[in-house]
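Let's take a walk through this structure together, one chain at a time, and finish where the chains meet. Have your viewer ready and follow along.

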Amino acid sequence: MTHTRRINLIMWAGAILLGAVFAYAAWPKIADPSLFGQSIQRYALLPNRGVSLLAIYLPWVEMCAAAFVLWPRYRVAAATLIAAMLVVFLVAQGSALARGLEISCGCFSGSGAENKIGWDSLLRNACLLLIALILACKGRASARNEA
Amino acid sequence: MLKHICIILVTAICAGTAANLLSPNRLAWSQDWSTRMETLATKAGLNVVSLEQVRMHVDTGSAMILDARSLDLYGQGHIPGAFSCPTDDMDHTYPDVASMLIPDLPVLVYCAGKECEDSMTLGKRLLQDGFTNVLIFVGGYAEWSGAASEDTP
């Protein structure tokens, strides 16, 4: 297997992993935006209007990014968007931890039954962020080389 | 790349708008989320009580008070007379706590504050198990301790 082919394979594996995780995370929120809104509200970071808009649109941004990251032409943009979302999630969760809030993270559903925010959810997001950054940077470099 | 990001965002905005207009679970574009816990608690059949009512129950002992937060947080401070019943260890602690509740006496549940859902989980479980007068203090320990520190000269 050539080096380029191996890199391509790794890029596809990363894209499929990110796509699957984000689609899996988005679907329950799309199905019940009200539960997701409650999750956002528990972070106590946004005004009322912001909570509603985020509950309506964020799951769709996640779902679209999950779909577009599988499309090589849009991979860099989708991975960049995913990385930006993960940074926001990390900041929100870190701030909740710092404030001692015992809340569910709202990552994969809006339900309060989900696991609470902790170092494990921060670590998971950090790993996903690393994958997204590799996809975005490597994809940009490849595009530059082809040009 | 910016153009591609815009395409993804526009697609998401269109899909989100269409879904929210067509979905049976649609959200109001703007609503008061700060009182949503109270609304949900009332819908679930729990009786929402104020800080003043909690104080009255504490003073008169007219309700069994359950703290739904973790044992650690309970240890750091709790409403006087409250028993610990952490929802993160419900299978273990709930049966013991439920067995000592007096059916005719109201049960008051609370957790950390407006952002937590543990008191709601515990309250619903009590209703399922046949306790008919379950009170919930949505403001939780945050409101209680905040008021206590204001009262301290």
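In what order do the five strands of the open sheet in chain B lie? In this predicted model, the order across the sheet is S1-S5-S4-S2-S3, and the strands pair in the parallel sense. At the edges you will find strand S1 (47–48) and strand S3 (83–84) of chain B, each of which pairs on one side only.

Now look at one pairing within that sheet. Strand S4 (residues 107–110) of chain B runs parallel to strand S5 (residues 134–137) of chain B, and four bridges join the two. One place to zoom in is B:Val109, whose bridge partner in S5(B) is B:Ile136. Helix H6 (residues 118–128) of chain B packs on the sheet, where it touches strand S2 (64–67), S4 and S5 of chain B. The direction of H6(B) makes about 175 degrees with that of S5(B).

Step back and take in chain B as a whole. Its elements are seven helices and five strands, and from the N terminus on they run α-α-β-α-β-α-β-α-β-α-β-α. Chain B has 153 residues, of which 31% count as buried. If you like to think in contact maps, take the contacts in chain B with a separation of 6 or more: 64% of them are between residues 24 or more positions apart.

Chain A is built from five helices and zero strands, so to speak a plain α-α-α-α-α when read along the sequence. Of its 147 residues, 43% count as buried. For contacts in chain A between residues at least 6 apart in sequence, the share that joins residues at least 24 apart is 69%.

Helix H4(A) deserves a closer look. With 24 residues, H4(A) reaches 34 Å from its first C-alpha to its last, close to the 34 Å expected at 1.5 Å a residue. Just after H4(A) comes A:Gly100, which takes a positive phi of about 75 degrees.

Finally, let's bring the chains together. How many residues does each chain bring to the contact? Chain A brings 31 residues and chain B brings 29 residues. On the side of chain A that touches chain B, helix H2 (33–43), helix H3 (48–68) and helix H4 (75–98) of chain A each supply at least two residues. H3(A) gives the most to that side, with 12 residues. By residue type, the side of chain A that touches chain B divides into 19 nonpolar, eight polar and four charged residues.

Notes:
Residues numbered from 1 in each chain as written. Chains lettered and ligands numbered in written order. Predicted model: local features only at pLDDT ≥ 70, side-chain atom pairs only at ≥ 80, totals over all residues. Pairing = 2+ DSSP bridges. Contact = placed C-beta atoms within 7 Å. Axes fitted to C-alpha atoms, helices over the stretch in contact; angles between N-to-C directions. Nonpolar A, V, L, I, M, F, W, Y, C, P; charged D, E, K, R; others polar. Buried ≥ 20, exposed ≤ 12 C-beta atoms within 10 Å, placed from the backbone. Expected span 1.5 Å × (residues − 1).
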